[in-house]
Amino acid sequence: MLAWLFGCLIAGIIVYGVVPTIVIRKKRVLLFREGTAPDCLALTFDDGPDPYYTPKLLDLLKKHGVKATFFVVGRKAERYPDIVRRMVEEGHEVGIHNYRHISNWLVPPFWLDWGVRRAAAAIERATGQRPIYYRPPWGHFNAWAPIVQKRYTTVLWTHIVGDWNAKLGEMELFRRLKGALRGGAVIVLHDNGDALGADRHAPEQMLSALELLLKDEAARKMRWVTITEMRNAQTNKRISSM
């Protein structure tokens, strides 16, 4: 009996979550994942805000004049609204990363809708701006996700470098980041380490590797932009070619 129930659960997850994720990613349904401007790339940060690491990250980005896009967890945005407000005040962009950091494969339809709406409300209270971007944890979708996606632009990535793993080492992470330097790239990093499978202190290593990258000559030649700036650059490029 237990084996049968377990089998039904796995089958349900596959039909409700895994298959829609494969289809949405392959068909790029309502997705943005990369730009086309040859000199622009976007840094994005998931899982925050964190009261310790996110302010250090904001200091680093400000030091190097880099703008980024943050996909924040709604529950944390409610807890640390001043950090979310600082993101916007310093020229960064803020999007939704669900209300709690949980896979959409395990989230019932109406809970997903409620969570995204609540996260959006927390961001708007903190910043005065309604978020327009959404990135699901781990890039997982479900059968209900396209309904949510109609209200937001869903943003995935071109490069996810494994910065949640502290065993990777600062120099290996720097090497991977440098390898991601190309026009149109959307790079995922994490300013919080409490998600399932992450190392709690991994963001410290991420900050060190990112500082090495931003000092690198090749990185200094690139334009580090928000997702909106990247999309606008893409639109302007199309217009100028007509």
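E90 is buried in this predicted model, with a relative accessible area of 18%. That value falls under the 20% cut-off for burial. E90 also forms a salt bridge with R86, and the closest N and O atoms are 2.7 Å apart. R86 has a second acidic partner, D59, in a salt bridge of 2.5 Å from N to O. The points below start with these charged pairs and then turn to the whole chain, selected residues and the backbone.

**Salt bridges**

- The whole structure contains 21 salt bridges.
- The D59–R86 pair links distant parts of the chain, with the two residues 27 positions apart. D59 sits in helix α2, which covers residues 53-64. R86 sits in helix α4, which covers residues 81-89.
- D59 is partly exposed, at a relative accessible area of 43%. E90, the other acidic partner of R86, is buried at 18%.
- E78 and R118 form another salt bridge, with 3.0 Å between the closest N and O atoms. This pair also links distant parts of the chain, 40 residues apart. E78 belongs to helix α3 (residues 74-79), and R118 belongs to helix α5 (residues 109-127).
- Both ends of the E78–R118 pair are partly exposed: E78 has 29% relative accessibility, and R118 has a relative accessible area of 32%.
- R28, E34 and R182 are joined into one network by salt bridges that share partners.

**Overall fold**

- The protein chain has 10 helices and nine strands.
- Its radius of gyration is 18 Å, close to the 18 Å that the globule rule gives for 242 residues, so the chain is as compact as a globular protein of that length.
- Along the principal axes, the C-alpha atoms fill a box of roughly 60 × 50 × 35 Å.
- Buried residues make up 50% of the 242 residues.
- Sequence-distant contacts account for much of the count. Among contacts with a separation of 6 or more, 79% involve residues 24 or more positions apart.

**Surface and charge**

- The chain exposes about 11,700 Å². Carbon and sulfur atoms supply 59% of that area.
- The chain carries 35 positive and 24 negative charges. The mean positions of the two sets are 6 Å apart.

**Selected helix residues**

- D113 is found in helix α5, the helix that also holds R118.
- Is D113 buried or exposed? D113 counts as buried, at 15% relative accessibility, because burial means under 20%.
- D113 touches W144, V148 and R151, leaving aside residues up to four places away in sequence.
- M171 lies in helix α7 (residues 170-179).
- M171 is exposed, with a relative accessible area of 52%. The cut-off for exposed is over 50%.
- M171 and S208 are 37 residues apart along the chain. Their C-alpha atoms are separated by 9.2 Å.

**Backbone features**

- Most residues other than glycine have a negative phi, and most peptide bonds are trans. The next points cover residues that depart from this pattern.
- Which two residues does a cis peptide bond join? The bond joins G48 and P49, with omega at about 0°.
- P49 is placed in the loop between β2 (40-46) and α2. D47 lies in the loop between β2 and α2 as well.
- D47 has a positive phi, near 85°, and is not a glycine.
- D47 is buried, with a relative accessible area of 3%.
- W138 is another residue other than glycine with a positive phi, in this case about 60°.
- W138 is found in the loop between β5 (133-134) and α6 (145-149).
- W138 counts as partly exposed, at 35% relative accessibility, whereas D47 is buried.

Terms used:
Residues are numbered from 1 along each chain as its sequence is written. This is a predicted model: local features need pLDDT of at least 70, side-chain atom pairs count only at pLDDT 80 or more; totals for chains, interfaces and linings use all residues. Side-chain values use heavy atoms; hydrogens and water are left out. Helices (H or I, at least four residues) and strands (E, at least two) are DSSP runs, numbered from the N terminus. The radius of gyration is taken over C-alpha atoms; the globule rule is 2.2 Å times the number of residues to the power 0.38. Buried means under 20% relative accessible area, exposed over 50%, partly exposed in between (1.4 Å probe, protein chains only). Contact means heavy atoms within 4.5 Å. Accessible areas come from the Shrake-Rupley method with a 1.4 Å probe; for residues, only the protein chains shown count as cover. Lys and Arg count as positive and Asp and Glu as negative; His and the chain ends are not counted. The place of a charge is taken as NZ of Lys, CZ of Arg, CG of Asp or CD of Glu. A salt bridge is a side-chain nitrogen of Lys or Arg within 4 Å of a carboxyl oxygen of Asp or Glu.
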